Amino acid sequence: MPLPIPLHCPRCGAAAEDFSGCAACREEGIGANPVPPLADLSGLSLETYPGGPWGWPSALSAPVAAPVTLGEGGTPLVSLPGDGPDGLWVKYEGANPTGSHKDRAMAVGVAAALAAGADTVAAASSGNAGAAVAAYAARAGLRCVVFTTGEVPGPLRAQIDALGAVRVVRDDTAARNAAMREAVERFGWYPLTSYATPAPGGNAYANEGYKSVAYELARDVPGFRAGAGAVVVPTCRADLLSGIARGFRELRAAGLVTGTPRLVAAEPAGAAPYSAALALAGRAEQERVSVDPAPSPAFSLGESRPVWQGLDALWGADGAALAVPTEEFMAEHRALAARGLFLEPSSAVGVAAARGMARSRAGGGPIVAIGTATGLKDTASVTGPGAAEEHVPELAKLTR
């Protein structure tokens, strides 16, 4: 399909012909996502930025004629007192309309699909992206097909179905992606997520919506405009991480900030390709790392290879990758809920990593973990067998 705004691979410079990733890099076994040019934010002001992907329409290097919106963005910063001298915060993306950060991207992606004249949008998803695509497609009056597997948690299946999407179930991620590729190539459906191997990342126009996270953080977090502190991002295919990096690059180029906070990829220890990559000395070796991901409660994380633009985001921002054991992030998941913040386990991976950083640092600025989604996406961790009996004690015991 024609690309109205040219996309070029940030790794090798090759022009893209579609949304399947860079073909030249794929031949080398590297997943890299062609991107549009960075936006020029000159003349804009963070003080008057209203938030969200539509707050600065000129910042979107995406072919949209009009916004498709459900009120996404402008999510709250929730403080977590007691760790670190400069503050520990969660940027709570669960406050978005469908309950995850994916809404920022899919609002823009569906608007681009609508402007392109598409009648059907497609997504391959473990859940959150599928729900977001379904919601914004419904808002725009487009048909939506979500390719997924039987491992998707029940609440997410219900959300996707209720929003009117057609859910196509395959045995595993490879079969899911293959089915989406066939549909895109045969029927011309507009793809809003990646479907190639190795994974290159999602629709580049849609990913422009993630830059708004950087804009909001620069506006709201003391010290971030000067490059102090760190942003910790739960990372799989790095669309969010690289989108935040692009946003800070644009802000810096326009003189709206003088520095960039450190970017940190947080991963479950059983599926940590970025951690494995950064343990190596050379970038050529880092690009080609492969791990064997193990299942974990952090169901939306777990890639076998690092996506190139995720590595690039870390290389450009004094970045690091932290692998968090399951018992540690699930303990964080429970502790956050006990303090009133119910996140999905994948989000708890980021908070656990951020908390560890806060405890080990003396100064250096605030640390913000991106809480990517609400815990209502996957309630199995708190509603297993016997949960009702455990959590509803006899009334007499409550009076003691």
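**Stop 1: Ser 242**

Select Ser 242 and the backbone oxygen of Ala 238. In this predicted model, that oxygen lies 2.7 Å from a polar atom of the Ser 242 side chain. Ser 242 sits in helix α8. Is Ser 242 buried or exposed? Its relative accessibility is 11%, under the 20% cut-off, so Ser 242 counts as buried.

Now show what surrounds Ser 242. Leaving out residues up to four places away in sequence, Ser 242 touches Gln 309 and Ala 313. For a sense of scale, add Ala 276. Ser 242 and Ala 276 are 34 residues apart in sequence. In space, the distance is 18 Å from C-alpha to C-alpha.

**Stop 2: the largest cavity**

Keep Ser 242 and Gln 309 on screen, as both line the largest cavity. Rolling a probe the size of a water molecule over the atoms shows where empty space is left. How many cavities of 30 Å³ or more are there? The count comes to two. The largest cavity holds about 90 Å³ of space.

To see its walls, select these residues:

- Asn 33, Val 35 and Pro 36 are part of the lining.
- Ala 204, Asn 207 and Glu 208 belong to the lining too.
- Asp 239, Ser 242, Gly 243 and Arg 246 also line the cavity.
- Gln 309 completes the lining.

Colour the lining by class. Three residues are nonpolar, five are polar and three are charged. Then colour by element. Helices α6 (204-207) and α8 (239-253) each supply at least two lining residues. Which element gives the largest share? The answer is α8, with four residues.

**Stop 3: Lys 211 and helix α7**

From the cavity-lining residue Glu 208, step to Lys 211. A polar contact of 2.7 Å joins the side chains of these two residues. Lys 211 lies in helix α7, residues 211-220. Its relative accessible area is 1%, under the 20% cut-off, so Lys 211 is buried.

What does Lys 211 contact beyond its neighbours within four places in sequence? Select Ala 39, Ala 59 and Ser 61, which are among its contacts. Then add Gly 243, Arg 246, Gly 247 and Glu 250, also in contact with Lys 211. Of these, Gly 243 and Arg 246 were on screen at the previous stop as part of the cavity lining.

Now widen the selection to the whole of α7. The helix is mostly covered, with eight of its ten residues buried. The buried ones are Lys 211, Ser 212, Val 213, Ala 214, Tyr 215, Glu 216, Leu 217 and Ala 218.

**Stop 4: Glu 185, for contrast**

Jump to Glu 185 in helix α5, residues 173-187. Buried or exposed? The relative accessible area of Glu 185 is 55%, over the 50% cut-off, so this residue is exposed. Show Arg 181 as well. The side chains of Glu 185 and Arg 181 make a polar contact of 2.9 Å.

An α-helix has 3.6 residues a turn, so residues three or four places apart point the same way.

**Stop 5: strand β10 and its partners**

Select residues 367-371, strand β10. Five of its five residues are buried. In a regular strand the side chains alternate between the two faces of the sheet. Look along β10: Ile 367, Ala 369 and Gly 371 point one way. Val 368 and Ile 370 point the other way.

Add strand β2, residues 88-92, which pairs with β10 in the parallel sense over five bridges. Lys 91 has Ile 370 as its bridge partner in β10. Next, add strand β7, residues 230-234. The pairing of β7 with β10 is also parallel, over three bridges. Here Val 231 stands opposite Val 368.

**Stop 6: a four-stranded sheet**

Find the open sheet with the order β5-β4-β3-β6 and parallel pairing. Which strands form the edges? They are β5 (166-170) and β6 (190-191), and each pairs on one side only. Zoom in on β3, residues 120-124, which pairs with β6 over two bridges. Ala 122 stands opposite Pro 191 in β6.

**Stop 7: the second largest pocket**

Finish at the second largest pocket, with about 290 Å³ of space. Its lining has 15 residues. Select Leu 80, Glu 332, Ala 335, Leu 336 and Arg 355, the ones nearest its centre. The elements giving two or more lining residues are β1 (77-79), α12 (326-338) and α13 (345-360). Helix α12 gives the largest share, five residues. By class, eight lining residues are nonpolar, two polar and five charged.

Note on methods: Residues are numbered from 1 along each chain as its sequence is written. This is a predicted model: local features need pLDDT of at least 70, side-chain atom pairs count only at pLDDT 80 or more; totals for chains, interfaces and linings use all residues. Side-chain values use heavy atoms; hydrogens and water are left out. On a 1 Å grid over the protein atoms alone, a cavity is a set of points where a 1.4 Å probe fits but cannot get out, and a pocket is an open set with protein on both sides within 12 Å along at least five of seven lines; lining residues have an atom within 4 Å of a point. Grid points are joined across faces, edges and corners, and a volume is the space filled by probe spheres set on the points. Ala, Val, Leu, Ile, Met, Phe, Trp, Tyr, Cys and Pro count as nonpolar, Asp, Glu, Lys and Arg as charged, and the others, Gly among them, as polar. Buried means under 20% relative accessible area, exposed over 50%, partly exposed in between (1.4 Å probe, protein chains only). A polar contact is a pair of N or O atoms within 3.5 Å; within protein, one must be able to donate a hydrogen and the other to accept it, and residues adjacent in sequence count only if both atoms are side-chain atoms. Contact means heavy atoms within 4.5 Å. Two strands pair if DSSP finds at least two bridges between them.
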